[in-house]
Amino acid sequence: MQTTSLHTTIQTETGKPVSRRDALKTIWAALGGMVALEFTGLALAYMQPRLAQGEFGSVMSVGAVENFPNNSVTHIPNGRFYLVRLADGGFLAVYQRCTHLGCSVPWDQSQGMFVCPCHNSQFSPDGQVLNPPAPRPLDLFPITITDGMIEVDTGVSITRETAHLAQVVYP
Amino acid sequence: MSEQDQIVDTPAQTFLGRIWQALGPTGLPSDDRGRMRMVVDNLVLHLHPTKVPTRTLSWTYTWGLGGLTSLLAVILVLTGIFLQMNYTPSPSQAYLDILSLRTNTWFGDLLRNLHHWSANLLVVTAFLHLLRVFFTGGHRAPRATNWIVGVLMLLLVLAANFTGYLLPWDQLAYWAITVGTSIINYVPIVGGFLNRLLLGGPEVGAPTLLNFYSLHISFIPVTMVMLMSLHFWRVRKDGGLTVPRRAKESEPPKIERVTTIPHLVRRELVFAVAWIAILLAWSMLVPAPLEGIANPDLSPNPAKAPWYFLGLQELLLHFHPLVAAVIIPGLALGALLLLPFYDIQISSVGVYFRSLRGRFLSLLALGTALLITPAWVLLDEYLLDWSAWLASWPSLISNGLVPLAVVVLGLVALDELVKRGLRATQEERILFIFVFLVTALVVLTAIGIFFRGPGMSLYWPWDIPTTHLSL
Ligand code: HEM
Ligand code: FES
């Protein structure tokens, strides 16, 4: 392959020469691709969740263990969850958002279950589906208990396909 | 040559006269050359050709639907600018701003009503415009590109409406957007991520309002204007509108043309003025809905998505979410976008419903769908219980793929009947299925709007308890 000062060629591994024009084109395309990626990344970053301290989305302390009797369901409104204490003394923080289409599920004390007003899904106190259309149990928030004080991290909800004992936290 | 000279005016004698002259052509041209010249020279008018086929001027061909859709877009931009001046996108302020707009701002309520009703009408007219284009074969070559641009604009219209829906921050807005965005959660793998991204958090809140506001007032309208320009330009590039033809005319007629001024422009003006009058009267008489301020702890019963998504929400009541929210809409959108590439018969372009038999088949499809869709909804509500019958299978199969297969087989059977029994051609069969599916969508939407009450149970419209509407 002849080379002139204007048309430099580079020998690739396969032996096919790449003209300077082609190399520049590739670089342009790569740069363009990077710019596109950066913009996409920026857009995504801008739309990421923005959270405030002490409100829903942060770690919230809800009080001492002994404030919550066994077999009770307590609504924590600004945390958007129910602190459930089961018969055996174990705790669950149950997110109030219905797993069907997102309505807020009120606790019905007389029936002893959560009943969604929107499409009538029903859930047991530990969040299990008693009646569809909800496809899975209510979500949970992680609980930590230190020195008898309960803290709930509302920043990450735990989705679960089934409810089981390992999810219950004991003081 | 002499006509041309008339256009290039000699400079006016006076100062004001020269300013007046600079603003544009002075006086209306008196002959056809001058009229055509005026179309070419004017920024707005040049969207039109200088002459148009007489036949395309017929009201009963386009129904003025594209024009009405454009008019509504303009009204929305204008009223939107004023609304924006009286609005703060934050949960503590938004609702109060709307209240104050209604009571403390001059014509604020009228402005809001006008924006609201134009936006809702826009969804309807864009959809009807799509139907008219399809029924006259306007999507076929060479207009495929413009059809795709059209479908994209329809999606944008829905996005504009949906993002605007949240802004009043009342109970209606909050829960419609909660339920509407929750549907996204059912998209496999990326659904949860997309939903969080759109909401800017785990549920509808301050970041959601800001996200929606920004999209509503910048990204969506700007994209819309660009696509609209592309759309109008393509109409001209593709040789103007399709020319209407009677079903019995075998040869495309010899095309007679008249000048755009005054024939088309006059019609457009009359049409626009009439519609502005209708919209104004409507907006003075019927207030846009506004409920109590959003309360994230209290879901109303029932909680419904915005009306144009209620067909989708109705599907969710009958199929596994993956089928209802992803597979069916995905297939439908794909079929719609690709329509110009499998429905390609050019010889019937311009004939409403393809042929006389096409007309009959469309009516047949309409009637069949009007019977079958409500019947299916009732059956599924009270008799069919796929998940119980096929209890040993995962619900995606028992309550999703199995009923979907039944529906698809039903459609194939209908198609075979039409093909064998009525000797329908390929394009007539596509027409039949299209009309059937569109009717089904409209029926499902109507059921979602009028027949679903508390707990999403079926009710007669007059029996639905109204307690959930209270403030
Ligand atoms: C904001 C939305 C839209 C606007 C403002 C708009 C505007 C227009 C206008 C003014 C015309 C001229 C003829 C007429 O009035 O019918 C037109 C034609 C056309 N539109 Fe649209 N349109 C919109 C949405 C759509 C949609 C949703 C589709 C279909 C998917 C579509 C496809 C077409 C096609 C293919 C033509 C040419 C039809 C023919 O030649 O007969 N447009 N549009
Ligand atoms: S949102 Fe709770 S049942 Fe539908």
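What percentage of the 471 residues in chain B do buried residues make up? In this predicted model, buried residues account for 44% of the 471 residues in chain B. The fold of this chain is built from 18 helices and two strands, and its C-alpha trace spans about 90 × 65 × 40 Å along the principal axes. When the contacts of chain B with a separation of 6 or more are considered, 77% of them are accounted for by residues that stand 24 or more positions apart.

Two parts of chain B illustrate how such burial appears at the level of a helix and of a single residue. Helix α13 of chain B, which runs over residues 310-318, is mostly covered, since seven of its nine residues are buried. The buried residues of α13(B) are L310(B), G311(B), Q313(B), E314(B), L315(B), L316(B) and H318(B), and they pack against five helices of chain B, namely α9 (171-182), α14 (321-342), α15 (356-382), α17 (395-422) and α18 (426-450).

The single residue is W147(B), which lies in helix α8 of chain B. With a relative accessible area of 6%, W147(B) falls under the 20% cut-off and is therefore classed as buried. If the neighbours of W147(B) within four places in sequence are left aside, its contacts are with L130(B), V133(B), F134(B), H139(B), L336(B), L337(B), L339(B) and P340(B). Between W147(B) and V179(B), by contrast, the distance from C-alpha to C-alpha is 31 Å, the two residues being 32 residues apart in sequence.

Helix α8(B) also takes part in the surroundings of ligand 1, where it supplies six residues, the largest share of the shell. In total, 24 residues surround ligand 1, and the closest are H129(B), R132(B), G150(B), H231(B) and T242(B). Each of four helices of chain B, α5 (65-84), α7 (108-135), α8 (144-166) and α11 (206-237), supplies at least two residues of this shell. In character, the residues of the shell divide into 11 nonpolar, 11 polar and two charged.

Several side chains of chain B place polar atoms close enough to ligand 1 to be listed individually. The side chain of R132(B) has an N or O atom that is 2.9 Å from an oxygen atom of ligand 1, and a polar side-chain atom of R143(B) lies 3.1 Å from an oxygen atom of the ligand. For H231(B), the partner is instead a nitrogen atom of ligand 1, which lies 2.8 Å from a polar side-chain atom of this residue.

The remaining results concern the interface between the two chains, in which 23 residues of chain A are in contact with 30 residues of chain B. The size of an interface is often given as the accessible area lost when the parts come together. For chain A and chain B the buried area is about 2300 Å², and carbon and sulfur atoms give 54% of this area. The count of salt bridges between the two chains is one, and it is formed where the side chains of R80(A) and E203(B) meet, with a distance of 2.2 Å from N to O. Across the same interface, 10 residue pairs are found in polar contact, with both residues of each pair at pLDDT 80 or more. On the side of chain A that touches chain B, the residues divide into 11 nonpolar, nine polar and three charged.

Technical notes. Residues are numbered from 1 along each chain as its sequence is written. Chains are lettered from A and ligands numbered from 1 in the order in which they are written. This is a predicted model: local features need pLDDT of at least 70, side-chain atom pairs count only at pLDDT 80 or more; totals for chains, interfaces and linings use all residues. Side-chain values use heavy atoms; hydrogens and water are left out. Contact means heavy atoms within 4.5 Å. Buried area is the accessible area (1.4 Å probe) that two parts lose on being put together, summed over both. A salt bridge is a side-chain nitrogen of Lys or Arg within 4 Å of a carboxyl oxygen of Asp or Glu. A polar contact is a pair of N or O atoms within 3.5 Å; within protein, one must be able to donate a hydrogen and the other to accept it, and residues adjacent in sequence count only if both atoms are side-chain atoms. Ala, Val, Leu, Ile, Met, Phe, Trp, Tyr, Cys and Pro count as nonpolar, Asp, Glu, Lys and Arg as charged, and the others, Gly among them, as polar. A residue is near a molecule or strand if one of its heavy atoms lies within 4 Å of it. Buried means under 20% relative accessible area, exposed over 50%, partly exposed in between (1.4 Å probe, protein chains only).
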